[in-house]
Amino acid sequence: MATKKVKRRFRIRQGIRRKLSGTAEKPRLSVFKSNKGIYAQIIDDEKGHTLVAASSREIGSTGLNVETAKEVGKKLAEKAEANGIGNVVFDRGGYLYHGRIKALADGAREGGLNF
């Protein structure tokens, strides 16, 4: 079951990445979630550099839930604003736009990111 699920997500992720690419003007906001945390980074795909990153570990949360994901989104937006990044392309990483992924996106929007 687990390998089938991972392969499905990887296939969906590849389809998304064929369509999305981050530039210096509009970088890509990539999301990854594990059983222990949620991670987000803003990437310039032309140079292959991570511009800004945030995770649930930085916030110091013990559990992973929707509120934690929203805080990660706000933290990422705060860091992005400090680096002069306002517009991004959202890459959900093959996950459904629901729950923690949606909460992270909402938190980033509340923090000032446009996508």
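This report walks through a four-stranded sheet in a predicted model, and then turns to S30 in one of its strands.

## The sheet as a whole

Let's start with the layout. The four strands form an open sheet in the order β3-β2-β1-β4, and their pairing is mixed. The edges belong to β3 (49-55) and β4 (89-91); each has a single partner strand, so one side of each is left without a neighbour in the sheet. On average, neighbouring strands here are turned by 20 degrees against each other, direction ignored.

Helix α3 (residues 66-82) packs on this sheet and touches β1, β2 and β3. The direction of α3 makes about 140 degrees with that of β3.

## How the strands pair

Strands of a sheet pair through backbone hydrogen bonds, in either a parallel or an antiparallel way. Between β1 and β2 (residues 38-44) the sense is antiparallel, over six bridges. If you would like a landmark for this pairing, look at R28, which stands opposite I43 in β2.

On to the next pair: β2 and β3 also run antiparallel, joined by six bridges, and here Q41 stands opposite A53 in β3. These two strands form a hairpin with four residues between them. In the turn, G48 has a positive phi of about 75 degrees.

## A closer look at S30

S30 is found in strand β1, which covers residues 28-33. Is S30 buried or exposed? Its relative accessibility is 15%, so S30 counts as buried, the cut-off being under 20%.

Which residues does S30 touch, leaving aside neighbours within four places in sequence? The contacts of S30 are Y39, A40, Q41, I43 and D91.

Definitions and conventions. Residues are numbered from 1 along each chain as its sequence is written. This is a predicted model: local features need pLDDT of at least 70, side-chain atom pairs count only at pLDDT 80 or more; totals for chains, interfaces and linings use all residues. Side-chain values use heavy atoms; hydrogens and water are left out. Buried means under 20% relative accessible area, exposed over 50%, partly exposed in between (1.4 Å probe, protein chains only). Contact means heavy atoms within 4.5 Å. Two strands pair if DSSP finds at least two bridges between them. Axes are lines fitted to C-alpha atoms, for helices over the stretch in contact, and angles run from 0 to 180 degrees between N-to-C directions.
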